[in-house]
Amino acid sequence: MLLTENELSSGVFDSSVIRGQKARSQDRRVECFELELFHLDSGTSHINGKAYPAKRGMLLCAKPGSIRYSDFPVRCSFIRVFRTKGKTEDIEAILSMLPDCMYVDDMPVIEELLSLFARLSSYLISSSLDTHELIKANSTFLEILSIYLNLHRK
C-alpha cells in the first residue's frame, strides 16, 4: 500500500532562514512521526525533556505525543509520516521501535542518507505527483527506513 502525499512529506528545515534571529523554537506536541537528519554541528533538539546536541549525521525520530523544541541554529532534512487509521500501522510499528536519537559517525552513510532525503523531497514536490512518482517516493522512504533500522541494530 502506497503512502500518499497526504501521509508523507519531506523537506529541509533551516532555522536561520525560517526563524531568523530567534534562539529557540516554541514547545510543541508532535502530531506525526518526525524523522530528521542533521546537516551541521550546531543547535540542540529536545524531546520529552532530553537534550540532543546536534551533530552532522544525527538522526532523530520524534513520535506522536512527544513534546519537543530546538535551540537554534539547526539545519536538517526531515520526513513527516502522518497517521492514517488502517493504512500506516505497519510503518508506525517500525518507527515506534526506533530510538529518539542516534548519532551516525560513518561519513559515507551520512552522505547516502542526505542524498536519499533530498531525492525523497524532489519526488514529493513534483508538480506531476502521479502513481509512478509515489512509487519512487515510497521506495526511497523505505530505503531510508531500512538504513535507519540497520543502524539501530548495530
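**A walk from Asp100 through the fold**

Asp100 sits in the loop that runs between helix 2 and strand 9 (101-103). The model is predicted. Start at this loop and look at what surrounds Asp100. Apart from neighbours within four places in sequence, Asp100 is in contact with Ile47, Tyr52, Leu59, Leu60, Cys61 and Lys63. Ser42 makes a useful distance marker. Asp100 and Ser42 are 58 residues apart along the chain, and their C-alpha atoms are separated by 18 Å.

Which side chain makes a polar contact with the side chain of Asp100? The partner is the side chain of Lys63, at 3.2 Å. Lys63 belongs to another loop, the one between strand 6 (58-62) and strand 7 (67-71). The pair therefore joins a residue of the loop between helix 2 and strand 9 to a residue of the loop between strand 6 and strand 7, and Lys63 counts as buried at 14% relative accessibility, because the cut-off for buried is under 20%.

Lys63 has a second polar partner. A polar atom of the Lys63 side chain lies 2.5 Å from the backbone oxygen of Leu98. The wider surroundings of Lys63 fit this picture. Leaving aside neighbours within four places in sequence, Lys63 is in contact with Val30, Cys32, Phe33, Leu95, Ser96, Leu98, Pro99 and Asp100. For distance, take Ile110. The C-alpha atoms of Lys63 and Ile110 are separated by 22 Å, with their positions 47 residues apart along the chain.

Leu95, one of the contacts of Lys63, leads on to a helix pair. Helix 2 (residues 89-97) packs with helix 4 (residues 131-153) at an angle of about 35°, and their axes are 10 Å apart. The crossing is left-handed. Which residues make the contact? Helix 2 supplies Ile91, Ile94, Leu95 and Met97. Helix 4 supplies Phe141, Leu142, Leu145, Leu149 and His152. By class, the contact has 8 nonpolar residues, 1 polar residue and no charged residues.

Phe141 of helix 4 also touches Leu120. Leu120 is found in helix 3 (residues 107-124). Is Leu120 buried or exposed? Leu120 is buried, with a relative accessible area of 0%. Not counting residues up to four places away in sequence, Leu120 touches Leu8, Ser10, Ile79, Ala137, Thr140, Phe141 and Ile144. Ser66 lies elsewhere: Leu120 and Ser66 are 25 Å apart, C-alpha to C-alpha, and 54 residues apart in sequence.

Now turn to the cysteines. How many disulfides does a search of the whole structure find? The search finds 0. Take Cys61, one of the contacts of Asp100. Why does Cys61 form no bond with Cys32? Cys32 holds the closest cysteine sulfur, yet the sulfur of Cys61 is 10 Å away from it, which is too far for a bond because a disulfide needs sulfur atoms within 2.5 Å. Cys61 counts as buried, at 0% relative accessibility. Cys76 gives a similar reading. Its closest cysteine sulfur is in Cys101, at 12 Å, so the distance is too far for a bond. Cys76 is buried, with a relative accessible area of 2%.

Two backbone features deserve a look. Most residues other than glycine have a negative phi, and most peptide bonds are trans. Asn48 has a positive phi of about 50° although it is not a glycine. Asn48 is placed in the loop between strand 4 (44-47) and strand 5 (50-53). The other feature is a peptide bond. Phe72 and Pro73 are joined by a cis peptide bond, with omega about 5°. Pro73 is in the loop between strand 7 and strand 8 (75-81).

Ser15 meets that cis bond from another part of the chain. Its place is in helix 1 (residues 15-18). Leaving aside neighbours within four places in sequence, Ser15 is in contact with Gly20, Phe72, Pro73 and Val74. Both residues of the cis bond, Phe72 and Pro73, are thus among the contacts of Ser15. Which backbone atom does the side chain of Ser15 reach? It reaches the backbone nitrogen of Val74, at 2.9 Å. Ser15 is buried, with a relative accessible area of 2%.

Key:
Residues numbered from 1 in each chain as written. Predicted model: local features only at pLDDT ≥ 70, side-chain atom pairs only at ≥ 80, totals over all residues. Heavy atoms only, no water. Axes fitted to C-alpha atoms, helices over the stretch in contact; angles between N-to-C directions. Helix = DSSP H or I, 4+ residues; strand = E, 2+ residues; numbered from the N terminus. Left-handed = near helix turned anticlockwise from the far one by under 90°. Contact = heavy atoms within 4.5 Å. Nonpolar A, V, L, I, M, F, W, Y, C, P; charged D, E, K, R; others polar. Buried < 20%, exposed > 50% of the residue type's maximum accessible area, 1.4 Å probe, protein only. Polar contact = N/O pair within 3.5 Å; in protein donor to acceptor, adjacent residues only side chain to side chain.
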